[in-house]
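Thanks, everyone, for making the time this morning. I would like to walk through one model with you, and I suggest keeping the structure open on your own screens while I talk.

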Amino acid sequence: MTATSARSEPLWAVHAWLVAVAASLLVAAHAAWRLRVLYLVPAGASALAAVAVAAGVVFGLAVARALSPHRGDVVPWPLLATALAVLASSFVPFVAFDAGTWASTAAAVCLLVTSGALTTAGLVTARAVGHDAATLGLVRFVLRPSRVPGALLGVLLVEMLLARAGFLRSGAVVAALVTACAASYPAVHRLLHATTPRDGRAASVASAVVGTASVVALFAAQRLVPARELLRFPDEIVFATSSDVADYAVVASPGGYELFVDGQLAVSSLDEPRRTAALVAPVLSVAPRAARVLLLHGGLGPVERALLADARVETVTTVSPDATRGALARRIAFLAARTGGALDAARLQPVVAEPLVWLAAHPEERFDVVIADFPWPLGYREGKLYTHHAFVKLAEHLADDGVLVVPAGSAFTARDAFASVVATLASTGLTTAPYHVAVPTVGVASFVVASRRGVDPARLAIPFPGIDVGTDLGRGGRAVVATLHAQTVVTAFDDARARR
């Protein structure tokens with residue numbers, strides 16, 4: 001081997017390592033930016049995020065200055081601190097999301113620590129290796145036309161893969177990348193100075209520990225958010241939990257947060273007031289009396305809040321299939337802000353039971369208003385709620401002049417499913433009055449009001465009348481009555497989804 005080749009090989013390794021560090025820190029900075037976008041901006045804490053970043057940078061500058069006399073001996077430590085900070089920034093906000101107002105504070109602290117670690121790592125690495133690498137031709141190495149596009153393409157590819165992997169997994173991968181840079185630094189130091197860093201062995205052990213933690217974090221991410229869930233929702237999952245009854249997930253959308261229950265949108269920051277008003281206002285407007293109200297599939301708070309706002313309402317009995325719904329509504333900040341304290345109101349009588357089972361067990365109960373806030377019939381578990389059997393149970397619990405309302409999907413996108421709901425409800429002997437409301441997250445949401453004495457559609461106080469949703473919606477659909485053994489509404493809904 002010639003002297004020239006012997007010299008070029010270590011130089012190439014040093015330059016490649018420094019580029020890898022720069023790319024890893026850049027990706028870590030993007031992870032910190034995603035933390036801000038996912039956990040602070042939707043929570044209305046943009047100012048807190050800015051303060052956290054500024055404080056972190058100042059802290060990092062101070063630490064880097066304090067470490068400057070040590071130069072190359074301490075390079076692995078801020079890198080490892082950055083890896084740990086990225087891991088914490090990925091998992092702590094997720095775990096703390098249902099901690100009420102403390103959730104934003106936890107995210108801000110993680111952002112502060114990550115910003116500080118990134119600043120320290122960047123400055124310490126630049127001071128320790130940058131000058132030597134520049135002297136040895138780093139600029140020429142990086143700016144070669146064959147390398148710049150490849151490096152940029154590589155960074156973009158890593159970013160794309162990390163975005164698809166989800167925030168938890170991407171944090172673990174980024175931590176592993178930064179840890180690899182820290183673990184390989186002693187070799188770079190030997191190439192530059194022909195010596196080993198004074199605490200090189202300790203740094204190697206620490207790198208192994210942090211690397212192991214990154215691998216464990218990958219398995220933890222799979223447990224918290226299984227890979228199959230990543231494509232199930234339109235945006236990034238920022239919190240998830242499960243009970244024996246249902247799966248819950250919160251995603252960060254452009255308009256704020258959205259809560260999904262078993263894959264269906266339940267509460268959205270963007271249009272919760274509109275959807276709640278669309279469900280509650282029309283039925284209350286035509287109810288002769290509203291002293292006793294039954295809410296099926298309640299427990300999340302917004303509908304209860306809207307009902308209790310009516311002075312005529314004396315009691316609201318909510319039947320929820322899962323106690324987790326109420327617990328989350330009290331703890332998660334964006335949900336608690338929409339309940340208005342309704343879940344703890346004296347007029348509220350919460351019941352945890354499967355709705356149809358509860359209806360069958362309380363045949364003597366009669367209500368002035370029944371609101372069946374059922375999930376859409378995406379499967380047979382939900383489809384049973386839209387059958388003749390279920391609607392008969394609802395009708396049996398109506399007072400003589402009582403009024404009920406059920407959601408009917410969307411007559412705009414699923415006409416057969418809408419027509420099936422109307423026909424099935426009418427098969428119980430009730431008189432029906434469908435209506436439609438524009439809801440941003442749904443498009444056009446359809447509902448059906450029904451009673452024994454009939455409902456004048458002209459008297460329905462349909463909210464947001466300024467939006468024209470069309471007068472011909474629902475016409476032409478196949479009106480087939482759904483039964484427990486032939487849940488036609490589910491088939492019709494599936495067909496409509498397949499066509500989209």
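Let me begin with S446, which is buried, with a relative accessible area of 1%. Please keep in mind throughout that what we are looking at is a predicted model. S446 belongs to strand β11, which covers residues 443-451, and its C-alpha atom is separated by 6.0 Å from that of A411, although the two positions lie 35 residues apart along the chain if we count from one to the other.

From there I would like to move to the strands β1, β2 and β3. Strand β2, residues 247-253, has six of its seven residues buried, so the rest of the structure largely encloses it. Which strands does β2 pair with, and in what direction do they run? On one side there is β1, residues 236-242, which runs antiparallel to β2 and is joined to it by six bridges; as an example of the register, I237 has V251 in β2 as its bridge partner. The connection between β1 and β2 is a hairpin of four residues. With β3, residues 256-261, β2 again forms six bridges in an antiparallel arrangement, and here A249 is partnered with F260 in β3. The hairpin that leads from β2 to β3 consists of two residues.

Strand β1 also brings us to the aromatic residues, since F239 lies in it. A pair of aromatic rings is described by the distance of the centres and the angle of the planes. The count in this model comes to twelve aromatic pairs. In one of them, the ring centres of Y39 and F167 are 6.1 Å apart and the planes meet at 50°, so this pair is classed as tilted. Because Y39 sits in helix α1, residues 3-40, and F167 in helix α7, the contact ties together parts of the chain that are 128 residues apart in sequence. Both Y39 and F167 are buried.

A second pair, F97 with F239, is stacked, with 5.6 Å from centre to centre and 25° between the planes. F97 is found in the loop between α3 (76-96) and α4 (102-135), whereas F239 is in β1, so that distant parts of the chain, 142 residues apart, are linked. Are these two rings buried or exposed? F97 has a relative accessible area of 6% and is buried, and F239, at 6% relative accessibility, counts as buried as well. These four residues belong to one aromatic cluster, made up of Y39, F94, F97, F167, F239, Y257 and F334.

A further ring, that of F367, has a charged partner: the charged end of R292 sits over it, 4.6 Å from the ring centre.

Finally, let us turn to the surface. Which residues make the nonpolar patch of about 420 Å²? They are V173, L177, V215, L218 and F219. Helices α7 (167-193) and α8 (200-224) are the elements that give two or more residues to this patch, and α8 provides the largest share, namely three residues. V215, for instance, is placed in helix α8, and with a relative accessible area of 44% this residue is partly exposed. Helix α7 therefore appears twice in this talk, since F167 of the tilted pair lies in α7 and the nonpolar patch also draws on α7.

Conventions. Residues numbered from 1 in each chain as written. Predicted model: local features only at pLDDT ≥ 70, side-chain atom pairs only at ≥ 80, totals over all residues. Heavy atoms only, no water. Buried < 20%, exposed > 50% of the residue type's maximum accessible area, 1.4 Å probe, protein only. Pairing = 2+ DSSP bridges. Patch = residues over 30% accessible without salt bridge, like charges linked within 9 Å, V, L, I, M, F, W, Y side chains within 5 Å. Areas by Shrake-Rupley, 256 points an atom, 1.4 Å probe, with all protein chains shown as cover. Salt bridge = Lys/Arg side-chain N within 4 Å of Asp/Glu carboxyl O. Phe/Tyr/Trp six-rings, centres within 6.5 Å; stacked < 30°, edge-to-face > 60°. Lys NZ or Arg CZ within 6 Å of the ring centre and 35° of its normal.
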